[in-house]
Amino acid sequence: MSDLEVELRARPVTQVLRYTGAPRSIAKVDVRTLVKMARDADALIELDCAVGDTIVYDTQLLQVRGASRPIPEQALLRAVGLSIERTFAQDPKYPIRLLVDIAIKALSPGSSRMRPSPRSRRPKSWQAASTPS
């Protein structure tokens, strides 16, 4: 850590951004915009959530340390792109989670039950005629 980072982390939290709304996933983070806002306010912006995380009402998204002036909450929120659902491009953990879910279902005892073959669904008269003696 640089001396500046150590100094900024030692500063008190001056602002906290909490999410208010329907559940969403974090689709992207505009790092350049957040860095510019932090520099302009002489502050450190710490993200508490990562891309792919699902957020719900009252989730803490980020906190600002040592700002010389408040950063508009709408500007901070715009820098954190939200989406209704997760995608492979936005969240590298998501496809792995899907594969794990599929594997769990495939290995669970409930999914390996025997299913009747199409032949066993034929009328009895057909089965008797096609069975070798």
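Here a biologist and a modeller talk through a predicted model.

Biologist: What makes Ala 10 count as exposed?

Modeller: Ala 10 has 65% relative accessibility. The cut-off for exposed is over 50%. The value passes, so Ala 10 counts as exposed.

Biologist: Where does Ala 10 lie?

Modeller: Ala 10 lies in helix H1. Its C-alpha atom is separated by 8.3 Å from that of Arg 65. Along the chain, those two residues are 55 residues apart.

Biologist: How do you know that E3 and E5 pair?

Modeller: Count the bridges. Two strands pair if there are at least two bridges between them. E3 and E5 are joined by four. Therefore they count as a pair. They run antiparallel. One bridge sets Leu 47 against its partner Leu 62 in E5.

Biologist: Why are strand E1 and strand E3 called edge strands?

Modeller: The open sheet has the order E1-E5-E3, with antiparallel pairing. E1 covers 13-18 and E3 covers 44-47. Each pairs on one side only, which is why both are called edge strands. The twist averages 20 degrees from one strand to the next.

Biologist: What holds strands of a sheet together in general?

Modeller: Strands pair through backbone hydrogen bonds, either parallel or antiparallel.

Biologist: Which strands are the edges in the sheet ordered E4-E2-E6?

Modeller: That open sheet has three strands and antiparallel pairing. Its edge strands are E4 (54-55) and E6 (80-83), each pairing on one side only.

Biologist: How do you know that E2 and E6 pair?

Modeller: Strand E2, residues 24-29, meets E6 over four bridges. The cut-off is at least two, so they count as a pair. Val 29 stands opposite Val 80 in E6.

Biologist: Now the pocket. How do you know which residues line the largest pocket?

Modeller: A lining residue has an atom within 4 Å of a pocket point. For the largest pocket, 13 residues line it. Nearest its centre lie Val 35, Ala 38, Ala 43, Leu 44 and Ile 45. The volume of the largest pocket is about 250 Å³.

Biologist: Which elements supply at least two residues of that lining?

Modeller: Helix H1 (3-10), helix H2 (31-40) and E3 do. H2 gives the largest share, five residues.

Biologist: What makes Val 35 and Leu 44 of the lining count as nonpolar?

Modeller: Val and Leu are both on the nonpolar list, so Val 35 and Leu 44 count as nonpolar. The lining as a whole divides into 10 nonpolar, no polar and three charged residues.

Terms used. Residues are numbered from 1 along each chain as its sequence is written. This is a predicted model: local features need pLDDT of at least 70, side-chain atom pairs count only at pLDDT 80 or more; totals for chains, interfaces and linings use all residues. Side-chain values use heavy atoms; hydrogens and water are left out. Axes are lines fitted to C-alpha atoms, for helices over the stretch in contact, and angles run from 0 to 180 degrees between N-to-C directions. On a 1 Å grid over the protein atoms alone, a cavity is a set of points where a 1.4 Å probe fits but cannot get out, and a pocket is an open set with protein on both sides within 12 Å along at least five of seven lines; lining residues have an atom within 4 Å of a point. Grid points are joined across faces, edges and corners, and a volume is the space filled by probe spheres set on the points. Buried means under 20% relative accessible area, exposed over 50%, partly exposed in between (1.4 Å probe, protein chains only).
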